[in-house]
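Thanks for sharing this one with me. Here are a few friendly notes to read with the structure open beside you.

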Amino acid sequence: MLLGLATPNNDVTVDYLVIAGGGGGGYCRENLADRGGGGGGAGGYRTSVGTSGGGGSAESSLNLLSGTSYTVTVGNGGGSATAGSDSVFATITSTGGGRGGAPLGVAGGTGGSGGGGAHNNSPGSGTTNQGYAGGSGVDNGSDRFLGGGGGGASAVGSNASLNTNPGNGGAGISSDITGSSVARGGGGAGGGYSSGFRNGTASAGGGAGAAGTANTGGGGSVGSGSSGFAGGSGVVILRFPSSVGLTVGAGLTYSSSTVGDNKVYTFTAGTDTVTFI
């Protein structure tokens, strides 16, 4: 009599944090008449651990097959007034952050989170369960031209104040998927002129008078001159049981650690495939 043999379980339960590249900030040019630009929107924020962007609940973990290759892509931040690029893991795609608005008809772009509007055009909207819209700019027709803040993973970018201030970047979200709580996905600060050039404030990797922080998906802030600051690159983080191995394609830059009973892989650049073994 033959005894039944156990069938191996080839399913691997994987938690993830997938953040796209942040949008680049707009620009404003004083020599063309004082003008205001919008901050870049944060890259889309999707996760199975904690809270997703745009007020969404955590998504389900993925049950994947060992021996099967899955794509990982880390999105780049956008350049001046351009959108960030998408980040991908298996079936999960996070949308690049929207560009910041700029004078002369460059509206804030739609994206994972939307870019802030310039003083004379509209902000962009965010993507459901990934991020929020950008804030609006203002123009008093005389000496105050101010852009709105870029949207963040957990909050809308703030509107510019007609009195003095550009809009602030929307807040990001903290995640402890790596074992330590880290805030990512903040919108870039708006900028413009009101008794001199000024920027709003930003958080969670968004720029304020600077580019978005690498591997946070933060939006870039507004630049005074011909170009805005770049958005921060995205990140893909995977967490799965320590009993499972992972082979990583040569096109990816990554680090790994062990946290409790899990392995954590953090991908910071590139695109290729990974295979669970």
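**Notes on the model**

1. Let's begin with one loop residue. Apart from neighbours within four places in sequence, Thr68 touches Val274, Thr275 and Phe276. Please keep in mind that this is a predicted model.

2. Where does Thr68 lie? Thr68 sits in the loop that runs between E4 and E5. Its relative accessibility is 30%, so Thr68 counts as partly exposed, given that partly exposed falls between 20% and 50%. Thr68 and Asn10 are 58 residues apart in sequence, and their C-alpha atoms are 10.0 Å apart in space.

3. Now for the interior. The largest nonpolar core has 21 residues, and those with the most contacts inside it are Phe89, Leu238, Phe240, Phe267 and Phe276. Two or more residues of this core come from each of strand E1 (11-19), strand E4 (62-65), strand E5 (69-73), strand E15 (235-241) and strand E18 (262-276). A second, separate core has ten residues, including Val49, Ile173, Ile177 and Val235.

4. Leu238 is a good residue to click on. Setting aside neighbours within four places in sequence, its contacts include Val14, Tyr16, Phe89, Phe267 and Phe276. Asp15 and Lys263 are also among the residues that Leu238 contacts.

5. Finally, look at a sheet. Four strands form an open sheet in the order E8-E9-E12-E13, with antiparallel pairing. Strand E8 (138-139) and strand E13 (197-199) are at the edges with a single partner strand each, so one side of each has no neighbour in the sheet. Strand E12 (residues 191-194) pairs with E13 in the antiparallel sense over three bridges, and Tyr193 has Phe197 in E13 as its bridge partner.

Conventions:
Residues are numbered from 1 along each chain as its sequence is written. This is a predicted model: local features need pLDDT of at least 70, side-chain atom pairs count only at pLDDT 80 or more; totals for chains, interfaces and linings use all residues. Side-chain values use heavy atoms; hydrogens and water are left out. A nonpolar core is a set of buried Ala, Val, Leu, Ile, Met, Phe, Trp, Tyr and Cys residues joined through side-chain atoms within 4.5 Å. Buried means under 20% relative accessible area, exposed over 50%, partly exposed in between (1.4 Å probe, protein chains only). Contact means heavy atoms within 4.5 Å. Two strands pair if DSSP finds at least two bridges between them.
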